[in-house]
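I opened this notebook to record what I looked up in one structure, going from the overall fold down to single side chains.

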Amino acid sequence: MTAPTGSTIDRATFEALKETTGAEFVLELVDTFLQEAPAMLDELRRTLAAKDADKFRRTAHSLKSNSNTFGALTLGAMARELELGGLDQTLKAGARPLDALSLEYSRVAAALTDLRNA
C-alpha cells in the first residue's frame, strides 16, 4: 500500500514543475530521480562508513536539491539536516538518520510512481 501522494509530494510544487518544464519532461526527470536516488542513498552509507565528510555533504546536498524539485519536501528537509549536520552528527546518531531517509525515499518513490502513471 502506498502513502497518499498529498502527504509525501507537495502537489503545488509538482504541478508548477510540470507547467514550467512540460509534463513529458517531468516524466523523464521522475524516471531519472527514481534511478539515481537509490545510488545517492547507498553513497551516503558508503561515505559515512568511510568517514568522507565532504562527499557525504555533497551527496546529501544533491539529494536535497533533487527532492525539493519534485515537491518531496520532507525528504528534502531530511537530506538538508544531513548536509548541515554533517558526518559527525550522523555518526553520533548511528544509522537512524539514514534508515529514516531510506524509509521516506520509499514513500516518495511510490508517490512519484503513482503521479507518473496517473
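The entries below follow the order in which I looked things up.

**Ground rules.** I am working from a predicted model, in which local features need pLDDT of at least 70 and side-chain atom pairs count only at pLDDT 80 or more, while totals for chains, interfaces and linings use all residues. I number residues from 1 along each chain as its sequence is written, and for side-chain values I use heavy atoms, with hydrogens and water left out.

**Overall fold.** I looked up the secondary structure first, taking helices (H or I, at least four residues) and strands (E, at least two) as DSSP runs numbered from the N terminus. I found six helices and zero strands, which read along the sequence as α-α-α-α-α-α. The radius of gyration is 14 Å, close to the 13 Å that the globule rule gives for 118 residues, so I note the protein as being as compact as a globular protein of that length; the radius is taken over C-alpha atoms, and the rule is 2.2 Å times the number of residues to the power 0.38. Along its principal axes, the C-alpha trace spans about 40 × 30 × 20 Å.

I then looked at contacts, meaning heavy atoms within 4.5 Å, and saw that among those with a separation of 6 or more, 69% are between residues 24 or more positions apart. For burial I used relative accessible area with a 1.4 Å probe and protein chains only, where buried is under 20%, exposed is over 50% and partly exposed is in between; on this scale 36% of the 118 residues count as buried.

**Nonpolar core.** I next looked up the nonpolar core, a set of buried Ala, Val, Leu, Ile, Met, Phe, Trp, Tyr and Cys residues joined through side-chain atoms within 4.5 Å. The largest one has 28 residues, and those with the most contacts inside it are Ile9, Phe14, Phe33, Leu44, Leu63, Leu101 and Leu112. Helices H2, H3, H4, H5 (73–92) and H6 (96–117) each supply at least two residues of this core. In soluble globular proteins, nonpolar side chains tend to be buried together.

I followed Leu112 further and, leaving aside its neighbours within four places in sequence, found it in contact with Ile9, Phe14, Val30, Phe33, Leu34 and Phe70. Leu112 is among the buried residues of H6, which also include Leu101, Glu104 and Tyr105. I checked the length of H6 as well: at 1.5 Å a residue (the expected span being 1.5 Å times one less than the number of residues), its 22 residues should span 32 Å, and its end C-alpha atoms are 32 Å apart, which agrees.

**Aromatic pairs.** I counted Phe, Tyr and Trp rings (for Trp, the six-membered ring) as paired if their centres lie within 6.5 Å, with planes under 30 degrees apart stacked, over 60 edge-to-face and the rest tilted. The structure holds two such pairs. In one of them, the rings of Phe33 and Phe70 have centres 5.3 Å apart and planes at 50°, so I note this pair as tilted. Phe33 is in H3 and Phe70 in H4, 37 residues apart, and the pair thus links distant parts of the chain. Both of these phenylalanines are buried, and ring pairs link them with Tyr105 into a cluster.

**Salt bridges.** How many salt bridges are there? Taking a side-chain nitrogen of Lys or Arg within 4 Å of a carboxyl oxygen of Asp or Glu, I get ten.

The first I looked up joins Lys18 and Glu15, with the closest N and O atoms 3.7 Å apart; the two are three residues apart in H2 (residues 11–21), about one helical turn. Lys18 is partly exposed at 29%, as is Glu15 at 28%, and both belong with Arg11 to a network of salt bridges.

I next took Glu43 and Lys55, which meet at 3.5 Å, N to O. Glu43 lies in H3 (residues 23–50) and Lys55 in H4 (residues 53–70), so the pair ties together parts that are twelve residues apart in sequence. Glu43 counts as buried at 16% relative accessibility, whereas Lys55 is partly exposed at 34%.

**Threonine 47.** Lastly I looked up Thr47 in H3, buried at 3%; leaving aside neighbours within four places in sequence, Thr47 is in contact with Asp52, Lys55, Phe56 and Leu87.
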